[in-house]
Amino acid sequence: MDTLFLARLQFATTTSIHFLFVAVTLGLVTLLVGLQTASVITNKPVYERLTRFWGQLYVINYVLGIATGIVMEFQFGLNWSGLSRYVGNVFGAPLAIETLVAFFLESTFLGMWIFGWHRLRRGVHLALLWGVAITAYASAFWIMVANSWLQNPVGYEVRDGVAHLTDFSALLDNPTLHMALGHVVTAALLVGGMLMAAVSAWHLLRRTPDFALHRKGLRIGLVTSAVAIFFVQGFGFAQFFAIGDVQPTKFGDDPAAAPLIADWTARFGPGDYTPPALANVGLGFMILIGFTLGLLWLMLPLLWRDWVIRLRVPLWILQFALPLPFVAMILGWIAREVGRQPWAAYGLLPVDQAVSPVSPWLMLASLIGFSLLLGALAVTNWVLLARHAARGAHDPALGRQPDQPPADPRPEPAFA
Amino acid sequence: MELAWYALLGLFFASYLVLGGYDYGVGLLLARGTDPARRRAALNAVGPFFLGNEVWLVAAVGILFGAFPVLEGELLSGFYPAVCGALTGVVLVTAGVQLRSRPAGQRARAWWDRVVVVGSVLAALGWGAVLAGLLQGVPLHADGHVAGVTHLFTPFVAAAGLAVVALVALHGATFLTLRLPTADAAPVGRLAARLVPVALTAVGAATVLGLLSADVRAAAGQPVAGILLLSLLVTALLAARVALARRRPGLAFAATCAALALPVALVGATIWPHALVSTIEPSASLTVTEAAASTPTLRLLGWLTLPLLPALLGFQAMCWWVFRGRTDGRAPVYW
């Protein structure tokens, strides 16, 4: 057994699980900002009810997602102490900024938002949600700055074997940053939109009460995902230029890779400097799913006169297509991260120097422990989301009047 | 500049122990009695603050990573079991508190409440063990890496872990005395008063075991500061006892807050100027300056984050202010 392999497996598992939560959080918060803003401006009850219904699903996902995020943050120190030792001066900065200026405020705002219904003025309450969304995007930005630095280290110099920061603006100007950030953020929006469309489709298919509310949800979700997939594809393909320039080994078979590998062999000794084929597999299937989801555009004309609902087939399709964006996202991260192998920081720090010198048994124990824990959280999250989504917008706990007892928790049977 | 960042790190971690401490304390106290109404009231009391409390831990680790990268790697991997335990606890509490109210059935809720209790114990034990481990030193080799994890399994670390559990329970009970409706606060106040001697005994036991441990005596660079801060801790506990007896829950809560924050100051001051003491090779010990990131990184972090500190504190203060006072029938319910 090999500590390095186990540590990599643990990183892959926790990151993948964490990102399932992140995407839903980032996607839904954007939609929620729109819904609550519409509610405050138009004063229409449907928007407030949509905000409470989707807000409840958002909060469930957010709070369980924090738990996975905390594990992610600690994992760097626990399993990858070499990363902090050799490149922590540079790589640590964006992570520290993320926790302090983004996540710290995001959670503080969200706590006030959850408990602030009927207590704060509507404008203040809405501003809190805007605060949550802005800090969530700031979070995504700084995390991507950190990740892009691992893909393409810039703005540093090595003294005594340790990287020191020389030019922070280079980190913000990293060619592997901008298109990837756009790709990730719009992919999250796609996930949020498809989740909203699929849940609404479920209700419309079963003819539950609240037709008008779920119809609105379906339309918002469908339009959001159609717009998002367009940008996901655009930002996705735009990344190839940057990757070809700075990470020629990523997807193999690049003539530019040969001199780079010769240079690495001279500096780090002979070794296998091509990433596993898994990176390419991930990329291929992700692109396939991306093109399939592009067909969402075909559904937009059906919004006219509610044909999308009347035909019913589109509703079934939306429901069954829901796993696709999640799978594509994991595949995308596999392509980006596995394609970085064998480097922790590309061309600067090999993974075997970055891993902590802990015993393989300890690493195995923590791998099993955290995988079970986070896996259980993910399953719980999905069961809860499904259950609360199915319960409908009848009476979500979020934003309930404090002195009002909860209504019958079971959804009313629909005889419509 | 390293000192300022070290102080800031201590401030954030101490704030986490104070704020997260009453979350875990309230979580622990869910174990007493199974009356759903009582549990409901306790969770309502924590309610709006819960999400804002945990962020201090994440921010503390962010500062640790950004400003003290070398310390971060060795500290977390050197205390692997303690950190994993604490982390598991934090995850269980975070998930449990939110999940317990989603199902409507009392049995499912009772099950999740048990998860919260276990998580609270693990978190308190784990962070107590990390603090004790720092005070005791680690087998830090000349190559800069900590070897093995068996160094953690000593009577002192165990006693200190239990002492933090006792402190957290006391802190949680005092918080409830301050927050619950007046009628419910009295019994919990009596419980808090009974927990003070327990906490004092636990702290005393940890002190005795610490004084008996050769590693702790060797690691203490500033024993006078250690003794001084320890006596402050004892004073804070006694003050909490007096304030509880005189029905001044605000003062008592201030005292237990101090009791949760002081261990961080105690550890930091006692091993000063070191941040991580080596038990096997004195020259391998890591001083605060050596552990810190290089100057450009610290300067950048300073420019980017320090102007925002007032905003961070301001929004936390806004949360405390908006939801101040005792909970009542109109308190929002979510957890």
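**Working through chains A and B**

H3(A) passes H3(B) in a left-handed crossing, that is, the near helix is turned anticlockwise from the far one by less than a right angle. This is a predicted model, where local features need pLDDT of at least 70, side-chain atom pairs count only at pLDDT 80 or more, and totals for chains, interfaces and linings use all residues. Residues are numbered from 1 along each chain as its sequence is written, with chains lettered from A and ligands numbered from 1 in the order in which they are written.

**Exercise 1.** Work out how H3(A) and helix H3 (residues 50–67) of chain B pack.

*Solution.* Start with what to look for: two packed helices are described by the angle between their axes and the distance between the axes. Here the angle is about 165° and the axes of H3(A) and H3(B) are 6 Å apart. Axes are lines fitted to C-alpha atoms, for helices over the stretch in contact, and angles run from 0 to 180 degrees between N-to-C directions. Angles over 145 degrees count as roughly antiparallel, so H3(A) is roughly antiparallel to H3(B). Last step, the chemistry: the contact of H3(A) with H3(B) has 16 nonpolar, 10 polar and two charged residues. Ala, Val, Leu, Ile, Met, Phe, Trp, Tyr, Cys and Pro count as nonpolar, Asp, Glu, Lys and Arg as charged, and the others, Gly among them, as polar.

**Exercise 2.** Find what each chain brings to the contact.

*Solution.* Count residues: 58 come from chain A and 61 from chain B, with contact meaning C-beta atoms, placed from the backbone, within 7 Å. Next, look for the elements of chain A giving two or more residues: helix H2 (45–79), helix H3 (81–115), strand S2 (162–165) and helix H14 (360–391). H3(A) supplies the largest share, 25 residues. Sorted by class, the chain A side holds 37 nonpolar, 16 polar and five charged residues.

**Exercise 3.** Place A:Phe320 and say whether it is buried or exposed.

*Solution.* First, locate A:Phe320: it sits in helix H11 (residues 313–321) of chain A. Helices (H or I, at least four residues) and strands (E, at least two) are DSSP runs, numbered from the N terminus. Then count neighbours: A:Phe320 has 11 other C-beta atoms within 10 Å, so it is exposed. The cut-offs are 20 or more for buried, 12 or fewer for exposed, and partly exposed in between, with C-beta atoms placed from the backbone. For scale, 54% of the 416 residues of chain A count as buried.

Note on methods
Two residues are in contact if their C-beta atoms, placed from the backbone, lie within 7 Å. Angles under 35 degrees count as roughly parallel, over 145 as roughly antiparallel, 65 to 115 as roughly perpendicular and the rest as oblique.
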